[in-house]
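Hi everyone, thanks for making time. I'd like to walk you through one part of a structure, so please have a look at the screen.

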Amino acid sequence: MPTASKSFMPGITFQSLLRGVGIGANCYVLDTGMERIVLDAGMHPKEKGLDCLPDLKLLEDDTADAIVITHAHLDHVGALPVVMRRHPDAQVFMSEMTADIADAMLHNSCNVMTFQRDQEGIREYPLFTHREVDALERKWLKIRTGKRFEAGENGARVEFFEAGHLPGSVGAKFELGGLNVFYTGDVHFEDQTLQLGAEFPESGIDVLILECTRGAADRPADYTRQREGWRLAEAIMTTVNRGGSVLMPVFAVGKTQEMLLLLHELRRTGHLSPRIPIHIGGLSSRMTQIIDNHSDNSRRRHPGFKILDSMDGLIRAKKGDRDVSYAPGRIYAISSGMMTEDTASNDFAFRFIDNPKNSVLMVGYADPDSPAGLLLRTSVGEPVKLHHAHAPVIRRCDVQSFDFSGHAPRESLVEYVKKVRPKKLLLVHGDESAMAWTAKAMSEAVPEMEIIIPLPGEKVRLD
């Protein structure tokens with residue numbers, strides 16, 4: 001079973017800069033005593049103002065030697081400009097596709113924060129500017145998987161491995177003297193519709209830092225992604241045939257492209273009518289263009305297939321257009337995936353969920369406290385609070401949930417740890433129930449392994 005986090009001792013340590021246990025502003029520090037390496041620099045999607053940042057006061061300014069970014073979701077890269085500003089001499093490493101996506105995501109974040117400042121009076125916003133992102137982006141070092149490189153000037157060697165979570169995502173192996181530490185970032189071992197599964201090392205790891213997002217989520221033994229796709233197609237056709245439309249809340253990067261490619265496959269197999277238009281948002285279009293630009297040089301299914309050029313029936317929102325007009329018989333695949341306040345999917349839901357002909361089809365993770373999570377817990381005829389500043393809306397539409405997660409199911413995590421058998425296992429990126437299930441299952445699978453759930457701010461001895 002997991003031990004309590006240890007007090008600081010000289011040697012190689014791990015420290016979580018999160019403000020609480022769970023998923024949010026993901027940011028950690030590896031400290032060898034000679035160099036400090038920051039792992040990810042995320043922004044919490046549920047918090048606003050300075051509270052959305054990691055607890056950066058735990059890391060003294062201008063002391064980080066390197067920053068390693070595993071992928072471009074905002075909960076892993078959203079605070080990067082702030083961290084780089086506080087540690088101007090730190091080298092920044094990520095994959096090439098992550099760099100391209102992160103650049104676009106951070107510029108969009110500037111726009112969102114400026115909008116929130118004007119609408120909600122959040123004085124700290126924006127936390128960084130477009131000009132600052134442009135200047136910092138030129139400092140990023142783009143690294144291929146399988147190529148070893150040095151992070152810092154004191155011998156820490158690093159290698160990236162394909163993580164299978166979304167295009168460009170990696171896990172990172174650190175050789176710190178005689179200690180091998182592997183940080184998974186977000187991982188999926190199974191092939192998705194777009195992205196091939198992770199290719200992680202299965203030996204030679206002393207310390208494994210493992211995400212456990214889905215630790216509390218059971219998956220039916222007979223689950224297959226193909227059958228889940230057929231179930232989705234049936235729900236779409238049922239909705240369209242009764243004169244309604246489908247709202248599919250999606251994250252702009254990763255989930256949008258995954259679902260568009262899945263809808264393309266369902267059309268080709270005859271499960272979905274090719275005549276149903278698919279509406280995507282402006283940010284999703286931009287992210288899809290970036291991923292299309294890498295269609296020939298990334299590890300994915302359907303290599304060379306360019307979604308924007310090759311899919312029929314796509315309706316792309318114009319740049320900066322937040323107002324999505326409703327029409328029956330359409331699929332609206334718009335962000336954000338959790339229907340976060342002041343996003344296109346949240347705005348659209350106000351004039352969508354009160355129509356009994358419509359359906360909201362959830363295709364990814366929804367935090368229980370998010371608008372999408374609240375909607376999932378309501379019944380037909382009940383009010384839903386979509387935005388703190390607006391009155392609730394009565395839900396009259398159908399709501400269903402589907403499993404197309406980009407995170408590994410918990411059973412896959414256990415199987416991977418059984419192969420690796422590290423001396424120490426650190427569990428991160430999961431709520432308390434997810435971590436509790438994962439810790440128990442791991443202790444039963446590898447009894448000799450030490451399991452640690454790092455507490456925010458405390459340093460955990462690794463060597």
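I'll talk about some aromatic rings first and then about one helix. Please keep in mind that this is a predicted model.

A search of the whole structure turns up 14 aromatic pairs. Let's begin with F161 and F182: their ring centres are 5.8 Å apart and the planes sit at 75°, so this pair is edge-to-face. F161 belongs to strand β8, residues 157-162, while F182 is in strand β10, so the pair ties together parts that are 21 residues apart in sequence. Both F161 and F182 are buried.

Now, F182 has another partner. Its ring and that of F200 have centres 4.8 Å apart, with planes at 75°, so here too we have an edge-to-face pair. This one links distant parts of the chain, since F182 is in strand β10 and F200 is in the loop between β10 and β11, 18 residues away.

How buried are F182 and F200? F182 has 0% relative accessibility, and F200 has a relative accessible area of 9%. Buried means under 20%, so F182 counts as buried, and F200 does as well.

Stepping back, F161, F182, F189, F200 and Y416 make up one aromatic cluster.

That last name, Y416, brings us to helix α11, which covers residues 410-420. Y416 is one of its buried residues, along with R410, S412, L413, V414, V417 and V420. And what do the buried residues of α11 pack against? They meet β10 (179-183), β11 (207-211), β20 (424-428) and α12 (432-445).

One last detail for you: just after α11, R421 adopts a positive phi of about 50°.

Conventions. Residues numbered from 1 in each chain as written. Predicted model: local features only at pLDDT ≥ 70, side-chain atom pairs only at ≥ 80, totals over all residues. Heavy atoms only, no water. Buried < 20%, exposed > 50% of the residue type's maximum accessible area, 1.4 Å probe, protein only. Helix = DSSP H or I, 4+ residues; strand = E, 2+ residues; numbered from the N terminus. Contact = heavy atoms within 4.5 Å. Phe/Tyr/Trp six-rings, centres within 6.5 Å; stacked < 30°, edge-to-face > 60°.
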